[in-house]
Amino acid sequence: DKIAKKIFKSDDIGLEYTARIVSNVLDEDYEEIRKNIKPISDKISISSLLIDSEADVVYENDTIIIDLEINYDYGPNRASQEFSYISQLFLGQIKNKEKYTDVKKVVQIIIEIK
């Protein structure tokens, strides 16, 4: 897990790999994705009252937030954990009631390594 995170978070290779994956999954132009996404913090807890949530790799551009999860095991809690990441990335964008329409789409891509 640490090696995969290190690769995907590297400035050049990580950006290239992420852009290729996102481009293929979303059927978007690779060059547009690569030049417009940037990494953001993987610490995604929206409240100190919640458990500390740390996604694997998170990128964004002007319209979308991409949570890239690299999993080596898939236990019964994994689906709930991944759903909580999507929820926190979405809810963390809403700062007041007038901003519900200003949120970016959140996409989670799960790479399962067996």
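Select strand S3 and show its side chains: Ile64, Ile66, Leu68 and Ile70 point one way, Ile65, Asp67, Glu69 and Asn71 point the other way, and all are buried. Buried here means under 20% relative accessible area, exposed means over 50%, and partly exposed lies in between (1.4 Å probe, protein chains only). Strands are DSSP runs of E with at least two residues, helices are runs of H or I with at least four, and both are numbered from the N terminus. In a regular strand the side chains alternate between the two faces of the sheet.

The model is a predicted one, in which local features need pLDDT of at least 70 and side-chain atom pairs count only at pLDDT 80 or more, while totals for chains, interfaces and linings use all residues. Residues are numbered from 1 along each chain as its sequence is written, and side-chain values use heavy atoms, with hydrogens and water left out.

Keep S3 (residues 64-71) selected; eight of its eight residues are buried. Now add strand S2 (residues 57-60), which runs antiparallel to S3 and is joined to S3 by four bridges. Two strands count as paired if DSSP finds at least two bridges between them. Pick Val57 to find its bridge partner in S3, Leu68. The connection between S2 and S3 is a hairpin of three residues.

Next, add strand S4 (residues 105-112), which pairs with S3 in the parallel sense over eight bridges. Ile111 in S4 stands opposite Ile70.

Move to Ser10, in the loop between helix H1 (2-9) and helix H2 (13-26). Ser10 counts as partly exposed because its relative accessibility is 23%. Leaving aside residues up to four places away in sequence, Ser10 touches Leu15 and Tyr59; contact means heavy atoms within 4.5 Å. For a distance label, choose the C-alpha atoms of Ser10 and Pro39, which are 9.6 Å apart in space and 29 residues apart in sequence.

Finally, zoom out to the whole protein. Four helices and four strands are present, in the order α-α-α-β-β-β-α-β along the sequence. The C-alpha atoms fill a box of roughly 35 × 35 × 20 Å along the principal axes. Of the 114 residues, 37% count as buried. Among contacts between residues at least 6 apart in sequence, 50% join residues at least 24 apart.
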